[in-house]
Amino acid sequence: MSDEGVHSTSPEILCSAVPYGVSCLLVFLAPDFSPTGKRVYATATYLFLILMYASTVVPYVALLTTLTSDPMDRLSANSWRFPLAKMAFLICSTVAPMFVAWYGKTNEAQAYMMAMSFIAILATAFMLLCFWGTKERYQVKLESERVPFGKQRRVMMKAKPVVIFYIFKITSSIAFVIKGSVTIYFVKYFLERGDSFVSGQLSATAIAGIIAPMIAIQLIKRGVLSKLGTLKAAQLGCCVAALCLYFVNPGQIGLACALLVVSVLLAELGAVTAWALPSDCADYCETRSGITMSGVVAAGTLFSMKVGLALAGGMVGLVLSASGYRAGEAVSPEAMKAILFLFAGVPAIFHGISLILLMMF
């Protein structure tokens, strides 16, 4: 594409870089407040972190639309983005506990503050690098920037593919988050494995998340599956893997762990396409209305995902509480059934719903 008219990245990423780094650090400070003060501080700093996260993610997701108008280029960008994100997660989840153990358990709060200070600096630095290292080559029509949000929202909600995609983000997020949230319960109580085994299993799923996008982009480039076909195959595979997990016996540890890794691999296989679709949805809205809406569509995507996260979190707490589960106590047969239902049954249902939505897309 020609570099004519290339302009710098939108200033939102620049403006939110330092506040985002500060928000990461503030959550892990341990001020000597009263119990009530600590609760207020924890709530306020966590809300500030989520606000700053949203402030960075919305322009970051929308950036893909302005970097290129080529759908395959967008997929290629995501095929790098997701493995690197999973590698960062794996490094942080491994190195931070090791640093805390080296620093000393007696000063655990201070150790986490030190670790997060370094991570906060890195987060700020990489956000600034993202701003200075990228260019918006696909020009935004200046007249569309003055369109009121209400009008953009109406255009977006009248576009059937966009509405279906948002519902898909809710259902797929519920399936993925519930499975991830209950994995520890499943491994500890159903398979009766210790903390070190849980840590190893979580590392294996993180590695699966690194490999999956590389596989996905090759399948699409070689014409084995279409972009949307890859996402459909991922949802179908996740549904089947979850159903298989539902019928695994506690003694089949190897099979259960393999199915868990496969289910995560399949879920991440579709992530490359799923996070490229907001850009395609923005293109669709622009074609219909003449309004450039990459930011609004990206914000709607993040909102839908957060709705899914909230519903998943509430569902886990509600089902475990209703089953009589109590932390630190022996797990009753009813609680065990609830854990298995949450870990396998619920994801199978919502992956199935997600597949149906994709068939309507």
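Helices here are DSSP runs of H or I with at least four residues, numbered from the N terminus. With that in hand, welcome to the tour. This is a predicted model, in which local features need pLDDT of at least 70, side-chain atom pairs count only at pLDDT 80 or more, and totals for chains, interfaces and linings use all residues. Residues are numbered from 1 along each chain as its sequence is written, and side-chain values use heavy atoms, leaving out hydrogens and water.

**Stop 1: α10 and the loop after it**

Select Gly290, which follows α10 and has a positive phi, near 80 degrees. Now colour α10, residues 277-289. At 1.5 Å a residue, its 13 residues should span 18 Å, and the end C-alpha atoms are indeed 18 Å apart; the expected span is 1.5 Å times one less than the number of residues. Buried residues (under 20% relative accessible area, with exposed over 50% and partly exposed in between, using a 1.4 Å probe and protein chains only) in α10 include Leu277, Pro278, Cys281 and Glu286.

Next, pick Ile291, in the loop between α10 and α11 (294-322). Ile291 is buried, with a relative accessible area of 6%. Draw a distance from its C-alpha atom to that of Val224, 67 residues apart along the chain, and you should find 34 Å.

**Stop 2: the loop after α11**

Move to Arg326, in the loop between α11 and α12 (333-359). Is Arg326 buried, partly exposed or exposed? Its relative accessibility is 43%, so Arg326 counts as partly exposed. The C-alpha atoms of Arg326 and Phe303 are 32 Å apart, with their positions 23 residues apart along the chain.

**Stop 3: α1 beside α4**

Show α1 (residues 11-27) and α4 (residues 108-133), whose axes come within 8 Å and cross at roughly 175 degrees. Axes are lines fitted to C-alpha atoms, for helices over the stretch in contact, and angles run from 0 to 180 degrees between N-to-C directions. The two helices are therefore roughly antiparallel (over 145 degrees; under 35 is roughly parallel, 65 to 115 roughly perpendicular, the rest oblique). Among the residues in contact (heavy atoms within 4.5 Å) are Leu14 and Tyr20 in α1 and Met116 and Phe131 in α4.

**Stop 4: α3 across α9**

Finally, select α3 (residues 71-103) and α9 (residues 253-274), whose axes come within 8 Å and cross at roughly 135 degrees. α3 and α9 are therefore oblique to each other. Look for Leu75, Asn78, Ser79, Phe82 and Lys86 in α3, which meet Glu268, Ala271, Val272 and Thr273 in α9.
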